[in-house]
Structure formats: C-alpha cells, structure tokens
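Reader: I should like to go through this structure one step at a time, beginning with strand pairing. Please reason briefly before each answer.

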Amino acid sequence: MIAASTFSNRRVALFGLGGSGLATAKSLAAGGASVVAWDDNPAQVEAARLAGIPVADLHGVDWASLNTLVLAPGVPLTDPKPHWTAELANRHGVEIIGDVEIFARERRAHAPGSPFIAITGTNGKSTTTALIAHLIAHSGRDAQLGGNIGTAVLTLASPAAGRVHVVECSSYQIDLAPSLDPSAGLLLNLTPDHLDRHGSMQHYAEVKTRLVAQSDLAIIGVDDDWCRGIAEQLESQGRTVERISKDHPLANGLFAEGSMIRQAIDGRTRDLADLDGITTLRGAHNAQNAAAAIAACRSVGLSDDEIRAGLAAFPGLKHRMQPVARRGAVVFVNDSKATNAEAAAPALQSFDRIYWIAGGLPKDGGIAALEPYFPRIAKAYLIGEAAAGFAATIGAHAAFEISDTLDKAVAAAASDAAADPAGMPVVLLSPACASFDQYRNFEVRGDAFVSLVSALGDTKMLIDVESNGENHG
C-alpha cells in the first residue's frame with residue numbers, strides 16, 4: 001500500500017467506500033491525514049469503521065475546517081448534477097480530488113523520475129494496459145498494474161526508481177486528477193460515451209485530454225477526428241507526441257499494416273513486430289493496442305527484442321476476446337466485456353463463421369451499427385431483455401433464435417457449431433449489452449459462460465476454469 005504522506009496533518013473528507021474508496025481511506029490514514037469517511041451504503045460504512053477508519057455523515061462535518069474532499073470515481077462531480085458533497089466542497093473552497101491524484105502527488109514528492117504509464121481511451125484501454133504491464137513484467141522488470149482495470153492504485157507498491165506503474169484511467173478518474181503527469185500518457189481513441197456524466201462530447205474529450213496534456217510523452221491514436229485534433233493541439237504547444245494508427249500509414253509514428261507493426265520516421269519505415277499467429281492479439285483493434293503498448297514500453301527502456309518476446313507470450317485479457325476452449329473444430333470465445341455495439345465490433349470483425357450469443361440489458365442504438373458484420377454470423381442466440389429488439393434488427397440478415405438465458409444459448413450454439421462443416425466455427429459470447437438484467441456485472445456473465453462451456457463434455461479448456469485465468473493456448 002502507498003501511504004499518502006503528502007496529506008500528513010491535513011483534514012480530509014472522503015465519500016464512497018467501495019473497494020477503491022476504502023483503499024484510499026486506509027492510504028490517507030497511513031500517511032498521517034485526519035480522515036472522516038462516509039457512504040450512502042450502511043454496509044460499506046460499517047466495513048470502514050471495522051477497518052479503523054473514522055466515519056461520520058458528511059452533512060454534519062465542519063466543511064470550513066477541511067482541506068480536501070476525496071471522491072470515489074463513480075460519484076458525479078459535475079453532470080448530471082454535482083453530488084451533494086461536491087456542492088458543499090465547492091461552497092467552502094475545498095479541493096476535490098480522487099485516488100489517482102493522490103498517487104500523482106506521492107510520485108512527484110518521493111520518486112519524481114519513476115516511470116509512470118497512464119492509459120485512457122473509449123475502447124481498448126484495459127487490453128492495452130494489461131499488455132503493457134505484461135511486456136514489462138515479461139522483460140524481468142517490476143510492473144505495478146492498477147487503476148480502472150480493477151486494482152486500486154493506492155494498493156500498489158510505492159513509486160521508486162526502476163519500478164514501472166501502469167495505470168488505466170477512466171474519464172471519471174482523470175476528472176478528479178487535475179495534476180496528472182505521467183511519463184508516458186496514452187490516449188487510444190474517442191467516441192461518444194458517458195455523456196450522462198460529462199454533459200457533452202466536447203467536455204468528455206477535454207477531460208480525456210488532461211491525461212496526455214501534462215505527460216512527458218503523449219502517445220495518441222489518430223484514427224478519429226477528436227484524437228487527431230488533440231495530437232495537433234499538443235504538438236503546437238511544444239509537447240512530444242507519438243502518433244499511432246491501425247487504419248493508415250503514418251509519416252511519423254507507429255502504424256499497422258496487416259499483422260505488422262511498423263515505425264515511421266520522416267517517411268522511412270521499419271518493421272517492429274509481427275502479430276501474425278498471436279491469437280490474443282488478432283484483429284485491427286488489437287493492432288492499435290499493440291502499437292500503443294510498443295510505444296509506451298520503448299519509452300521506459302524495453303528493447304525491441306524484449307517487446308517481441310513479450311508480445312508472443314501475451315495471455316490476453318480476461319473477458320475480452322478470450323479463447324477459453326476448443327471442442328473438436330469449434331472454438332469458444334469469451335468477449336463478455338463487450339457491453340455495447342461498438343465494443344462488440346472487434347470480435348465480430350475478427351472471425352469468419354460465428355455462432356453469436358448476444359443480448360442482455362440493451363444500450364441506446366442496439367446493434368444496428370453492427371450490420372456490416374452480420375454476413376459473418378451463421379446464427380445468433382439472443383438472451384435477456386434485448387432479445388426481441390435484437391431479433392428485429394438481425395432477422396433479415398441471419399438466422400437466429402431467442403434463447404432467453406445463457407445456458408440455453410450455449411447449449412444450442414455448441415450443438416449447431418459442432419455440425420458446421422466450416423474449418424473453424426466460433427461460438428462467441430459478445431453481448432453488445434450490459435449484464436445487469438441477469439448478472440451482477442460482465443465478469444460474472446463471462447465466468448458463467450466459461451463454466452457452461454466447460455460442462456459440455458469433450459471440451460479442451462484453454463484456461464484454468466477455477467480462476468478463469470490466463471489463456472494458455
């Protein structure tokens with residue numbers, strides 16, 4: 001755990017006592033801060049009290065005596081309406097920050113030269129974050145992986161020379177980290193998302209830009225208009241920018257041509273790495289992820305040979321285009337993390353003969369945007385609240401059945417795929433929906449898929465079913 005000594009003797013209020021909030025409260029207390037914490041959930045308040053964290057309803061504290069309010073990332077800072085704690089803090093001139101800001105301050109205070117790679121973007125940030133940490137660890141270096149990927153950043157080892165922190169940052173976390181200054185900042189892409197929290201695409205883009213605006217090296221995907229503009233803006237301000245692209249060659253930067261990642265310097269190119277045969281990095285979206293990871297890892301001293309060796313050994317990200325089993329010629333792929341149509345597109349783009357399990361709690365727009373990939377679908381198996389709406393969209397393009405539940409969908413898809421004479425049919429869970437109608441989160445949904453597949457019989461599992469861990473295929 002990182003003890004937040006930069007807050008020693010400061011009075012700090014904290015709201016939000018989930019996993020990262022409780023970790024932050026412990027970090028602040030360990031660093032010598034005077035902390036008072038609260039949450040709307042009585043069970044989480046009690047857990048904090050039992051952990052020795054002082055708790056009190058923040059409605060009743062003396063806000064004029066506070067130095068700082070720390071918010072959990074899920075608590076609204078601005079839109080659709082500031083949380084009541086944010087309103088009180090603003091009224092009394094109390095700064096509002098989050099755990100990533102605390103980490104940034106600790107790094108500047110105690111190990112300002114330590115390598116810190118921060119990653120954001122609308123899509124692909126978790127895979128890129130995991131890939132960067134894997135490449136660093138595979139090279140024998142100390143990689144500390146955390147942030148939005150699931151491990152609270154303040155639970156990691158403290159910043160130090162030779163220790164690389166690799167931190168995924170959501171827009172919510174960036175919004176609460178005004179002095180975020182990584183040694184390498186990655187902005188992969190921008191498409192409309194979380195606009196209920198940010199009010200407009202312009203504001204969403206402005207928040208995301210903060211991650212790269214103060215970084216020593218800004219690594220920016222330039223395949224969308226928003227990010228192209230941000231790269232040009234930062235370069236005009238004298239920042240060092242490395243462009244990456246999955247869609248087209250660059251005069252300067254890293255780009256993909258087929259499975260090859262190339263580097264261009266003043267129009268002259270050289271090959272860096274070939275992703276051909278690396279099943280966990282198939283598809284154009286993963287070419288972008290790999291290009292970004294290569295740029296980041298080179299910036300902290302990895303050699304090209306170390307990077308190539310690490311790429312070949314990448315196990316993949318759990319629940320993201322994760323090959324989990326084979327059954328005869330049929331491959332089963334867990335893409336439960338695809339919770340909207342845009343997130344499902346890479347998987348549908350990556351396979352040719354798909355038995356597609358989709359549905360759940362639908363997002364705005366449904367799956368209409370996926371129509372270009374419908375010719376790849378041998379049959380769709382539709383589950384959850386979205387089933388009827390998805391059927392209306394896909395019905396004119398591909399065979400489907402309404403399975404309602406995941407267990408029925410897996411059984412039917414496995415049976416149909418087994419009878420397919422195609423070379424390598426794929427049973428793909430890529431729901432294009434939230435999970436909340438039937439599962440607590442996409443991780444639970446993905447684990448359920450793996451368990452159902454493992455129970456089919458005559459199945460060669462490619463992962464450890466008990467932990468649904470890394471891909472060994």
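Author: Let us begin with one residue pair: E257 stands opposite M260 in β12. The model that shows this pair is a predicted one.

Reader: How many bridges join β11 to strand β12, and in which sense do the strands run, parallel or antiparallel?

Author: Strands of a sheet pair through backbone hydrogen bonds, either parallel or antiparallel. β11 and β12 form a hairpin with two residues between them, and G258 in that turn has a positive phi of about 65 degrees. Strand β12 covers residues 260-265. The pairing of β11 with β12 consists of five bridges, and its sense is antiparallel.

Reader: In the hairpin of β12 and β13, which residue takes a positive phi?

Author: β12 and β13 pair in the antiparallel sense over six bridges, and I261 has A273 in β13 as its bridge partner. Two residues lie between the strands of this hairpin. The residue with a positive phi, near 50 degrees, is D266.

Reader: In which sense do strand β10 and strand β11 pair?

Author: Strand β10 comprises residues 241-245 and strand β11 residues 253-257. Two bridges connect them, and S245 has F255 in β11 as its bridge partner. The sense of this pairing is parallel.

Reader: Which strands stand at the edges of the open sheet that nine strands form?

Author: The order of this sheet is β6-β7-β5-β8-β9-β10-β11-β12-β13, with mixed pairing. Each edge strand has a single partner strand, so one side of each is left without a neighbour in the sheet. From one strand to the next, the twist averages 20 degrees. The edge strands are β6 (142-147) and β13 (268-274).

Reader: What angle does the direction of helix α5 make with that of β7?

Author: Helix α5 (residues 125-138) packs on the nine-strand sheet. There it touches β5 (116-120), β6, β7 (163-168) and β8 (184-187). Its direction and that of β7 make an angle of about 170 degrees.

Reader: How is α5 placed relative to α10?

Author: Two packed helices are described by the angle between their axes and the distance between the axes. The axes of α5 and α10 come within 9 Å and cross at roughly 45 degrees. That angle makes α5 oblique to α10.

Reader: How many nonpolar, polar and charged residues has the contact of α5 with α10?

Author: The crossing of α5 and α10 is right-handed. On the α5 side the contact is made by T127, T128, L131, I132, L135 and I136, and on the α10 side by N286, N289, A290, A292, A293, A296 and C297. By class these are nine nonpolar, four polar and no charged residues.

Reader: Which residues in α11 do L131, H134, L135 and H138 in α5 meet?

Author: α5 and α11 pack with their axes 9 Å apart, at an angle of about 120 degrees. The crossing of α5 past α11 is right-handed. Five nonpolar, three polar and no charged residues make up the contact of α5 with α11. The residues met in α11 are I307, A309, G310 and L311.

Reader: How many charged residues are in the contact of α10 with α11?

Author: The axes of helix α10 (residues 284-299) and helix α11 (residues 304-312) come within 10 Å and cross at roughly 140 degrees, which makes α10 oblique to α11. I294, C297 and R298 in α10 meet D304, I307 and L311 in α11. The residues of this contact divide into four nonpolar, no polar and, as charged residues, two.

Reader: Which are the edge strands of the open sheet of seven strands?

Author: The order of this sheet is β18-β17-β16-β19-β15-β14-β20, and its pairing is mixed. An edge strand here pairs on one side only. The edge strands are β18 (399-404) and β20 (460-461).

Reader: Which strands does helix α15 touch?

Author: Helix α15 (residues 442-454) packs on the seven-strand sheet, and its direction makes about 160 degrees with that of β15. The strands it touches are β14, β15 (330-334), β16, β19 (426-429) and β20.

Reader: What is the radius of gyration of the chain?

Author: The secondary structure of the chain comes to 15 helices and 20 strands. For 473 residues the globule rule gives 23 Å, and the chain is close to that value, so it is as compact as a globular protein of that length. The radius of gyration of the chain is 23 Å.

Terms used. Residues numbered from 1 in each chain as written. Predicted model: local features only at pLDDT ≥ 70, side-chain atom pairs only at ≥ 80, totals over all residues. Heavy atoms only, no water. Axes fitted to C-alpha atoms, helices over the stretch in contact; angles between N-to-C directions. Helix = DSSP H or I, 4+ residues; strand = E, 2+ residues; numbered from the N terminus. Parallel < 35°, antiparallel > 145°, perpendicular 65-115°, else oblique. Contact = heavy atoms within 4.5 Å. Nonpolar A, V, L, I, M, F, W, Y, C, P; charged D, E, K, R; others polar. Pairing = 2+ DSSP bridges. Rg over C-alpha atoms; globule rule 2.2 N^0.38 Å. Left-handed = near helix turned anticlockwise from the far one by under 90°.
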